[in-house]
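Me: I'm new to this structure and would like a close look at one part of it: the contacts that hold its chains side by side. Could you take me through them slowly, with enough of the surroundings to find my way?

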Amino acid sequence: MKKSLGAVAVAAVMALSLSACGGGSSSSAESAKGEINYWLWDANQLPAYQQCADDFAKANPDISVKITQRGWDDYWSTLTNGFVGGTAPDVFTNHLGRYGELAENKQLLAIDDAVKKDNIDLTQYNEGLADLWVGQDGKRYGLPKDWDTIGLFYNKAMLASAGVTEDQMKDLTWNPEDGGSYEKVIAHLTVDKNGKRGDEAGFDKNNVAVYGLGLNGGGDSSGQTEWSYLTNTTGWSHTDKNPWGTHYNYDDPKFQESMEWFAGLAQKGFMPKLETTVGAAMADTFAAGKSAINAHGSWMTGQYTGYKGIEVGIAPTPVGPEGKRASMFNGLADSIWAGTKKKDASIKWVEYLASADCQDVVASKAVVFPALKASSDKAAAAFAAKNVDVSAFTEHVRNKSTFLYPITDNTAKVKGIMEPAMDAVVSGKAPASSLTQANEQVNALFK
Amino acid sequence: MTTLAKNARSAPPQTGAPKPRGGYRRLGDLKIALFFIAPAMIGFIFFYVVPTIRGVYLSFTEYNILGDPTWVGMDNYTAIAKDPLFWNSLAVTGQYVFLNIVLQTALALGLALLMNKVAKSTLIRGALLLPWMMSNIIAALLWFWMLDYQIGVVNQFIEWAGLPRVAFFGSEEWAIPTQAVINTWRHMGYTALLIFAGMQAIPGHVYEVAKLDGASPFQTFRKITLPLLRPVLVMVLVVTVIGSFQVFDTVSVTTGGGPVNATRVIQYYIYQRAFTESDFGYGSAIAVILFLILALVAFIQMKFLKGNESDLD
Amino acid sequence: MTTTTSRAPQQAPARRRRPFNPRTAGAWTLLVLAIAVSVVPFLWVLRTALSTNSALASNSASLLPAEFTFGAFMRVFGLQSPADAVAEGGSGAAIDFWLYLRNSVIFSSITTAGAVFFSAMAAYAFARLRWKGRNLVFSLFLGTMLVPPIFTALPNFLLIKNLDLLNTMLGMVLPYLFMTPFAIFFLRQFFLNMSREVEEAAMLDGAKHLRIFFQIVLPNAAAPLATLALLTFIGQWNEYFWPLLVGSQDDVRVLQVGLGVFKSQSPQGAPDWSGLMAAVLVSALPVLVLFAAFGKKIVNSIGFSGIK
């Protein structure tokens, strides 16, 4: 009895799966038309890309694009499920921190042939962006769509009452020994409950009302917005080479010295303790008047300028000991899933997304900076039209003071190791020298 | 456990313990029984047994979800034995379970007493159940918002009271207790209801005798209510302890394992290794260990608390 | 078993309206405190939902809504244009509320109906039939409570994929449809205590097990079945991980997953707290309605079988 029941169930399962296999296979003619699925995470950019999709469909009547927006928190897990389950989108917004692993697992379609055939000029993009998307195997896995750099968002009213001018903000210097004029300004902007400033005698570091500098978190492996704009002015870099480095440098004394200074800010009461930052987003605490300066990415501009009742300015990151500023340069791209059934249509859509036609539309919405040089300028103009001066971000690109987001294998595991290690250092629970041991663990992944 | 239906007054007379079943039937119900459990059996086999076996198999492999699994024998298990984060996750989970269970059981017991003696309106009892009607994720997000250090309302009240603000999620000392309290908040009403149900099954005459003997309420509670409630309490404990070991949602939407490793509980660590770091073999091996721990804990509880015997006979 | 609403006998003693009893007063104080702890957070949900998201941070010390608006609720129902939403500091993401609501209702109803009915059948076999291996099979079923859900998630996902049922309602409900260990245990406890005489009388009549089950057991168990159904429904309504895994596409996405659009949309971004809280209230409404309708049953009858 039991056996026959089992057999029935197995037969039923087989029947189900067999009947499901009926559809499927597509000829090359079909791969150039029909509906393609496109995913992105930033809802603020949805209107721009929807317009791109509509324009694209007009120009290519036999292709339609269905856009799905999915928040960052769920984006990557849902995407991975899609790869495993065969339901991934044909085209999706890709991130530098992720694509190495996706390429290695053969989930991405190389598009070199199409780029060559369609004569796409890769020099029209901001320098370095196109190269980021060439994998370790020398193949191209995406066309650049936008970029971001880091800047200092500041509360204009707080600066005014502290007597710090906006010009001063543009000429800040920093070094890991005494923090330079950057630390002086941060200290001066810090105010305790009794109204004493951070650089005055009698400042109570345990009862701070306004911190000079906001803190987002420990920064895990990249420190993108937290500390990399400082550490990388000292000549230090995350990996031996980038992209595709195989050795991380968290054991470098130069780096550890910088981190020691950074953690020290919290000890001095000029920056919130790490433990107080687990909760509301750093931007929200800035809006609540709890910090005067926040170092944050250009993609957050809309958020900061959107708060009610707060005047926000943006200054470039400080000049480091080697006389230059530094900002991580992160670029996104559109990639094609290797399992797509609409290969030709997907390529067309990716090329359209990377073209001036679409990137100018994105620029006009003043949300992010498109990858094309010409479109970047248009975006800056669109921001200016909204009374937001974004030169702090574009300056890095103009002056070539950017360094690339570290691209390596094993990024998820590196992050898994560095996140608690960095938290321990930034919270003052461990000295920066403890990073040497974490660094050994990280580098062991590459053996 | 067998006494629970006794409060149902108009129930037909009980035939007593379920064991002596009329001898009119031989052991011949197998066929009809198979018919009755067939659907449940399908669910059991396909969605519990098969995936468990598949998971156990994967625990002996290296598998990154996107590729194919390769057999590595005991490698994952030997690596786990040497993995400080695994041992940390055990310690953290243990701490959480202890706090959560002690708090939840004590509060639920108190609430059940109140429900039994004072709060007789459904509205009041229902109000106590409200938190349980929210999902874990939502409850966690809500408290994440209310307990924020800088702009959370709870810290606002703490400050108004003249006390220093507390980093509920961010400090290593507070992170686990905070998680435990949030889940206690969500579950205490429901747990209280279960215990309350057990209290209702205690016959009234036992209390009357105690009253005649001049027992104080506290004595009554200690000498009568608690012992008679034991089977119910044990069942509630077994179930809540198992549930408590599987804490995941609250951690995943709030602290994500931090600060440092203070809330990297075992389920979260499994998730991190298996899904975030795409090391499914390793994650599965930890899950197998967790399964064994749960089985052991359940067994010990049943054994030592004598959960399947009632004192009421 | 129609007695579910009757109170336990020992509650009757005439303790009402004594002049003043410090003990009673103390008990009421504790009770009021417990109720406050349970209910007050919901007031905060409401306050946040009625606020303008971009004004929340700077008004964190105010107990009233920050810049009062119904905007968050309009966002939830998809009545606010993305531009207006962004202007209020909310999420510009699209949410198809009614579609998600429909999916949630379908998902929760089907799984509840299936799990309760099939579990009742199995519980009957475990409680009322005698067969070899009964206790062993029952403990195996119970043992599934010990299997960490995260452990079976991926294998189950692969199974659903092999059946080609990803992003279908069938694929989402299948794992819950046939049984839950809790339901079987819950009902078995109850069936064990049901009177045998009724059944025996029917037996003499020559009624078969199916008839006994449908005509005697199920009707007599209406109260615990309703309680179980309500408990299961609430659990399923709040289910998150599995629907996220299997039903991420719009046409099968359930509310709990849909709420994700109010969480942070970009790395390090801030969530749309107003939108999220409004969505929480709206999505909890069906559960609250159900509870208001049948709450008395749950609260007063969970008991019997009660214990998991």
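Reply: Here is a walk through the places where chains meet, with some background on the chains themselves.

Please keep in mind that this is a predicted model. Let's get our bearings with two of the chains. Chain A has 447 residues, and 60% of them count as buried. It contains 18 helices and 12 strands. Looking at contacts in chain A with a separation of 6 or more, 73% are between residues 24 or more positions apart. Chain B has 313 residues, of which 61% are buried. Its make-up is 12 helices and 2 strands. Read from the N terminus, chain B opens with a helix, then two strands, and continues in helices. For chain B, residues 24 or more positions apart supply 67% of the contacts with a separation of 6 or more.

Now to the meeting places, starting with chains A and B. A salt bridge joins the side chains of A:K429 and B:E172, with 3.1 Å from N to O. This pair crosses between chains: A:K429 sits in the loop between α17 (411–426) and α18 (435–444) of chain A, while B:E172 belongs to helix α7 (residues 172–200) of chain B. Are these two residues buried or exposed? Neither word quite fits, because A:K429 has a relative accessible area of 46% and is partly exposed. B:E172 is partly exposed too, at 29% relative accessibility. Chains A and B also share a network of salt bridges, made up of A:K413, B:R273, B:E277 and B:D279.

For contrast, look at a salt bridge inside chain A. A:E395 pairs with A:R325, and their closest N and O atoms are 2.9 Å apart. The two lie 70 residues apart, A:E395 in helix α16 (residues 391–398) and A:R325 in the loop between β9 (312–315) and β10 (327–336), so the pair links distant parts of the chain. Both A:E395 and A:R325 are buried. Chain C has an internal example as well: the side chains of C:R253 and C:D250 meet at 3.6 Å, N to O. Here C:R253 is buried, at 6% relative accessibility, whereas C:D250 is partly exposed, at 30%. Over all chains, the structure holds 15 salt bridges.

Next come chains B and C, where helices pack against each other. Helix α11 (residues 266–276) of chain B and helix α7 (residues 149–162) of chain C have axes 10 Å apart and an angle of about 25° between them. The helices α11(B) and α7(C) are therefore roughly parallel, since angles under 35 degrees count that way. From α11(B), the residues B:Q267, B:I270, B:Y271 and B:F275 meet C:P149, C:I150 and C:L154 of α7(C).

Another pair of helices gives a second view of chains B and C. The axes of helix α5 (residues 136–146) of chain B and helix α1 (residues 22–49) of chain C come within 11 Å, crossing at roughly 75°. That angle makes α5(B) roughly perpendicular to α1(C). Here B:L142, B:W143, B:W145 and B:M146 in α5(B) meet C:P41, C:W44, C:V45 and C:T48 in α1(C).

It also helps to look at the nonpolar interior. In soluble globular proteins, nonpolar side chains tend to be buried together. The largest nonpolar core in this structure has 298 residues, and the members touching the most others are A:W349 and C:F191. Domain 1 (34–148 + 331–394) and domain 2 (150–329 + 405–444) of chain A both contribute residues, so this core lies between them. A separate, second core has 53 residues, among them A:L159, A:L215, A:L230 and A:L265. Going back to C:F191, its contacts beyond four places in sequence are C:A120, C:A123, C:Y124, C:A127, C:R128, C:V217 and C:A221.

One last stop in chain C is C:N53, found in helix α2 (residues 53–56). C:N53 has a relative accessible area of 9%, so this residue is buried. Leaving aside residues up to four places away in sequence, C:N53 touches C:R75, C:E88, C:G89, C:G90, C:P271, C:D272, C:W273 and C:S274.

How values were computed
Residues are numbered from 1 along each chain as its sequence is written. Chains are lettered from A and ligands numbered from 1 in the order in which they are written. This is a predicted model: local features need pLDDT of at least 70, side-chain atom pairs count only at pLDDT 80 or more; totals for chains, interfaces and linings use all residues. Side-chain values use heavy atoms; hydrogens and water are left out. A nonpolar core is a set of buried Ala, Val, Leu, Ile, Met, Phe, Trp, Tyr and Cys residues joined through side-chain atoms within 4.5 Å. Buried means under 20% relative accessible area, exposed over 50%, partly exposed in between (1.4 Å probe, protein chains only). Domain bounds come from an automatic or database domain assignment. Contact means heavy atoms within 4.5 Å. A salt bridge is a side-chain nitrogen of Lys or Arg within 4 Å of a carboxyl oxygen of Asp or Glu. Helices (H or I, at least four residues) and strands (E, at least two) are DSSP runs, numbered from the N terminus. Axes are lines fitted to C-alpha atoms, for helices over the stretch in contact, and angles run from 0 to 180 degrees between N-to-C directions. Angles under 35 degrees count as roughly parallel, over 145 as roughly antiparallel, 65 to 115 as roughly perpendicular and the rest as oblique.
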